[in-house]
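Colleague: Please take one packed pair of helices in this model and describe its geometry closely, together with the pocket to which both helices contribute.

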Amino acid sequence: MQLENSTVDLNLYPKRTSKETISPFRYPGGKGFLSGYFTNVFDDFKSGEKHYVEPFCGGAGSAWNLLADDIADTIHLNDADIRIYSAWKAILHENERFCERLNDVAVDIKTWTEARRLLTNYSGKKYDFDLGFATYFVNRTSRAGIILGSGPIGGYEQSGDWKIDARFYRETMLRRIKWIGNQKQRVELNSQEALTFLKENIKKLPSDRTLYFVDPPYLQAGRRLYLNAMTEKKHRALGAFLTSDVLKHWILTYDDHPLIREIYDGRKFSKLVVNYSLSRIRKESEVLVS
């Protein structure tokens, strides 16, 4: 039985400005704006070390905000895509090298083309520093932060008012990335299939002090926005796991789609309206399921 829709009024919770955000990524559909809402959820947890888990971390916007505010003591990040994983591992574990590269890199079409070629042609399955830096560079210099499937800011000819470095705020990025590198003892990073990652964390984390935030690639825009789009079979498998109630505290976000309504039938659906900046500003209807 489908529960009646409610609405999450995010105006009731603290919200960071774009200048105050912690994640150095520009991520399509990023959920950093939900960190105030998650803080309210953490307030109801029992005392003790608190954990925050993201099986599809992407830009990990909320995770870093919660860590910076000491709401979560440890964050557990996972992304099955080796490119995203390599970017985070390079930032966390080769921070000085990453910052040196960031400080020295030429922000131009030649660098963008070389980085994009590496991302497109890479077939390995292990961490690679150059792959991680290329992922980050393309994220900061491509339209709307889309890593594959979009061109450089300002176009290949760089003939418009906006140029490729329009979102490449070197000093700001360096400050955020150095801070993240200093937090590596409070971060666990993995690159696994989401269900495998979730099942492993169940075994080692305290159920009453752990929040799982599940933000899968969306059904309608998944292949356009994300590197690791999912099949319907995987969407259903994830739903079967979450609705089995093996996790005590979980929150899920999706696009509002009939298949999602079917998979999570009987769960509480709350409406979210999120602004995405793609080729133009538009509004996507999203739901929060819990």
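Modeller: In this predicted model, the axes of α8 and α10 lie 11 Å apart, and the two helices pack at an angle of about 15°. Angles under 35 degrees count as roughly parallel, and α8 and α10 are therefore roughly parallel to each other. Their crossing is left-handed.

The contact itself can be traced residue by residue. On the α8 side, Leu-195, Leu-198, Lys-199 and Ile-202 take part, and they meet Ala-237, Leu-238 and Phe-241 of α10. By class, this contact comprises six nonpolar residues and one charged residue, with no polar residue. The charged residue is Lys-199, in α8.

The same two helices also appear in the description of a pocket. The second largest pocket has a volume of about 250 Å³. It is lined by 15 residues, of which Phe-56, Glu-193, Ala-194, Met-230 and Lys-234 are the closest to its centre. The elements that supply two or more residues to this lining are α8, spanning residues 194-204, and α10, spanning residues 232-242. Ala-194 thus belongs to the α8 range, and Lys-234 to the α10 range. Taken by class, the lining of the second largest pocket holds nine nonpolar, four polar and two charged residues. Glu-193 and Lys-234, both among the residues closest to the pocket centre, count as charged.

In summary, α8 and α10 meet through a contact of six nonpolar residues and one charged residue, and each gives two or more residues to the lining of the second largest pocket.

Conventions: Residues are numbered from 1 along each chain as its sequence is written. This is a predicted model: local features need pLDDT of at least 70, side-chain atom pairs count only at pLDDT 80 or more; totals for chains, interfaces and linings use all residues. Side-chain values use heavy atoms; hydrogens and water are left out. On a 1 Å grid over the protein atoms alone, a cavity is a set of points where a 1.4 Å probe fits but cannot get out, and a pocket is an open set with protein on both sides within 12 Å along at least five of seven lines; lining residues have an atom within 4 Å of a point. Grid points are joined across faces, edges and corners, and a volume is the space filled by probe spheres set on the points. Helices (H or I, at least four residues) and strands (E, at least two) are DSSP runs, numbered from the N terminus. Axes are lines fitted to C-alpha atoms, for helices over the stretch in contact, and angles run from 0 to 180 degrees between N-to-C directions. Angles under 35 degrees count as roughly parallel, over 145 as roughly antiparallel, 65 to 115 as roughly perpendicular and the rest as oblique. A crossing is left-handed if the near helix is turned anticlockwise from the far one by less than a right angle, and right-handed if clockwise. Contact means heavy atoms within 4.5 Å.
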